Structures are given as C-alpha cells and as structure tokens.
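Thanks for making time this morning. I would like to walk you through a structure that is new to most of us, so please have a look at it before I go on.

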Amino acid sequence: MKRAMLVLATLISTSLLTSPACAHAFLKRAEPRVGSSIDASPAELRLDFTQGLVGEFCSISLIAPTGAKVPLSKPSLSPSDSAELTARVLQALPPGLYRVEWRVVSVDTHHTQGEFQFRIAR
Amino acid sequence: MKRFASGKVALAILIASPLAARPAVAHGIAGARFFPATIATDDPAVSDELSLPTFSSSLTGDEPAAWEWDVSGEYSKRITPDLGVSIGETWTKLKAPGSPAAAGFQDLETTLKYHLFTSAPHEAMISAGLVVDWGATGASKVGADPVTEFTPTLYFGKGAGDLPAALGLLRPLALTGVVGLSIPEQEREAAPGPPGAPIPRVLAWGVALEYSLPYLSSQVKDYGLPGWAEDLTPLIEATFQTPLSRGGDVRTIGTFDPGVIWSGQKIQVGAEALLPMNRRSGRGVGFIIQLHFFLDDMFPHGIGRPLLGGQER
C-alpha cells in the first residue's frame, strides 16, 4: 500500500512539475476574441495557446464572408512567449462575419487544429 | 548548432511524413474536439494513460442492500499509434447489514483496442476492442466471476462541431459510447451432478453526453469564464447491462451518472453521482471519483509514446 501511494505521489508531482511544454496545444485566448463583435478592422490576429509551438509548422487562415482568403503575413511566434502566435492582417476588412482557421504543432510534435468566428460590426 | 539543425530536420521529416500528417488521435482528439477520458464508459481513443485511483461508493441492488466500495486502477499502453492494451484491477469491500464485511479483488480485466477511424472535420472517432474478464482471478466473496468472459466492443465518439453556426451553443456537445457483447467461455455454471444454471450473454452498453466548456471558449464564444471553469466538461454518463439469452431474468440494470470532468494538460479529475435506473440496479445515490493521468503528455518521449511507430498517428 505504501509503495502504491509512493507511485501515485510521484506521478502527481511529475505531472505538476515537468515542463508544461510537453503537451497538446489548445487555444486559450484570441484577439479578436472568439465569437466577438468588434467595431473596426483588426490590425492583427493574435492566438494564445496552452503550450509552446513550433512556429515553422503553424498556420492561420482568415476567411472572409465571401469565402475568399484574406491576405495575412506569415504567422510568427512572440519572441517572449512561444505559445503566442500572431499574423498581421494585410488589408482593411469590411464589415461581416469572418472565420479564423488555425493549425499548430506543439513543441513535442502533437498536432491540433480549430477555428472560430468574429464579426466586424461597424 | 549542427545538432539543433539536425533535430529540426528530423522534426520536419516527422511532421511531413504521411504517417504524421494524418489527424492526431492519441489523447482523444478528433479535429478541434477533445474527448475527455470518461469514468463509467471507456472513451474511443487509444492512448497512453493511467486511471488511478477510481473510487466509488454505492448501495447494491441485493436484498438486503449492501454497501459497496470499489477502488480500481487501469493502465493503458499503445503498442502502435493505433493499437493499445489495457490492464485493470478493482478491489472491492462489501458490507451487508448483520453480516461481516467481505473484501477482495475482482477478476483481472484486460482490453485490446484498435483505432479504426477518425474524421477531423466531423469530430468523429471509432475504435474496436476485445475486453477479457479473466475468470477465477478474483475473490468470489466479493462477486468475482469464476468464468472468463470475452466482450467484443465497439467504441465511438462524435462531436457536434459540424452543426451550423446558427446552432453555435450546441456545438460544444459530444456523444461517446460503447456497445459490447459479453460472451462467457462456458454456457453453464460449473456444478457437481446435474448441469449448473445457464450463464447468459450480456449486452453491455453505455453513452456519455458531454458539454465541453473548453470547446465553447475556444471554438464558439469566449465568455470570459475563469480559467478553471474553462477546463470543465459537465456530462451525464449512462451504463447498462442487458442479459440476452438462456432464460432467467432479462431485465436491464444500469445507472445514470451526472457529473463533471476537469481536464488539465496532463491530469484529469472527474466526479459523478451514481443514480440506479431501477431497484435491481441499486438503491439511493452513490458516487464515483477518478484521477486520470495523460501519460502521452507527461512523458512524450518515454513511456508515453507507442512502443512501435512513433508518437502520433
């Protein structure tokens, strides 16, 4: 019984103390916010993930109400936070409902993907 | 620098290879959907994981009803990215009114599970497996069966993320479930003299209806929930056992288990109430709690990776 408790305690402490970079990356926050309505065209898309990313293998797409892809800069990681992925919006966006599609690879090679919408109300 | 560069090349090859380019399934992920490891029913993912401990307390459906406490653990290991094995054991303590308590282990249970299909756009996943309950490996005084049972089982999961945007608040819903047919290795109980009582085949089935707050926040609408709340998945599980053949009582027994699961990056904690569906299934309200470890995320380069074939599908 003592040995079992020791194993369990070791597992719990390992899960709490090992590097948080070793896990799947899920979207934690985004700017514009997921499902939000904003008044003006955003200058950039900023996605904050739960884990560090490998920037070379991450992508962000912005889909206009017409279904066309909006030109974005190549996504890049924040120099101070490898979990923050940013892409600049290269043109002013007219009002409408936009869809952001993302696909990322965390530092331990796990793939994740997702999408969300935001509205420009103006 | 050279070492760093070669590491990046290796990573690029891994990611660009057809094997790694397929949707990831370890950890119960289909597209944007994460299926948490449910407590009463097994989820469809083939993963490296450990459920330890799972503790439950309930009143049995016997007459008179007995208190039953179970402490169990299950370790799952991927052989390949699609094929995994699990081994589970349960320690049970029973206490009936006016009788001394009985305690002991249930039969050893093993599972061989193969991932068949994942659709990222439709957030769907299907696996098939064989559960073996090894007879006579537990204590009969706590109800362990002397007969080995083989249960071919189908596991499925489906997220509602492909619903139209107009139904956005329903998109965090997901349904997972299992359907298995338990086949005893012998048709009758062993008994001296005349043939023993028939042992029925049993349909073992269950579902889990989940509402993922992580999915709501990251895919539908960010309501600014506190961080801890964004990791919660309220759910209701239901498990049933329906005897199918060989006479005897064919009434279904089962429980409805409403509860909540908190999923962190490496561990998960779940708690559910156990509500018997009828008198034969139990009395009163029991509960079950579980601590679960995602070994593939805790040790991605060690015991958390498949023995053969790389980290990801």
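Let me begin with β1(A), which is joined by 4 bridges to strand β3, residues 44–49 of chain A, the two running antiparallel. If you want one pair of residues to find on the screen, take R29(A), whose bridge partner in β3(A) is D48(A). I should say straight away that what we are looking at is a predicted model.

These two strands belong to an open sheet of 4 strands in chain A, with antiparallel pairing and the order β1-β3-β6-β5. At its edges lie β1 (27–31) and β5 (76–78) of chain A, each of which pairs on one side only. On average, and ignoring direction, neighbouring strands of this sheet are turned by 30° against each other.

Stepping back to chain A as a whole, we have 1 helix and 8 strands, and, reading from the N terminus, the order of elements is α-β-β-β-β-β-β-β-β. Chain A has 122 residues, of which 46% count as buried, while its accessible surface comes to about 6200 Å², with 58% of that belonging to carbon and sulfur atoms. Among the contacts in chain A with a separation of 6 or more, 61% are between residues 24 or more positions apart.

Finally, a residue in chain B: is E187(B) buried or exposed? E187(B) sits in the loop between β10 (173–184) and β11 (202–211) of chain B, and E187(B) counts as exposed because its relative accessible area is 53%, where the cut-off is over 50%. Its C-alpha atom is separated by 20 Å from that of T252(B), a residue 65 residues apart from E187(B) along the chain.

Methods
Residues are numbered from 1 along each chain as its sequence is written. Chains are lettered from A and ligands numbered from 1 in the order in which they are written. This is a predicted model: local features need pLDDT of at least 70, side-chain atom pairs count only at pLDDT 80 or more; totals for chains, interfaces and linings use all residues. Side-chain values use heavy atoms; hydrogens and water are left out. Buried means under 20% relative accessible area, exposed over 50%, partly exposed in between (1.4 Å probe, protein chains only). Contact means heavy atoms within 4.5 Å. Accessible areas come from the Shrake-Rupley method with a 1.4 Å probe; for residues, only the protein chains shown count as cover. Two strands pair if DSSP finds at least two bridges between them. Axes are lines fitted to C-alpha atoms, for helices over the stretch in contact, and angles run from 0 to 180 degrees between N-to-C directions.
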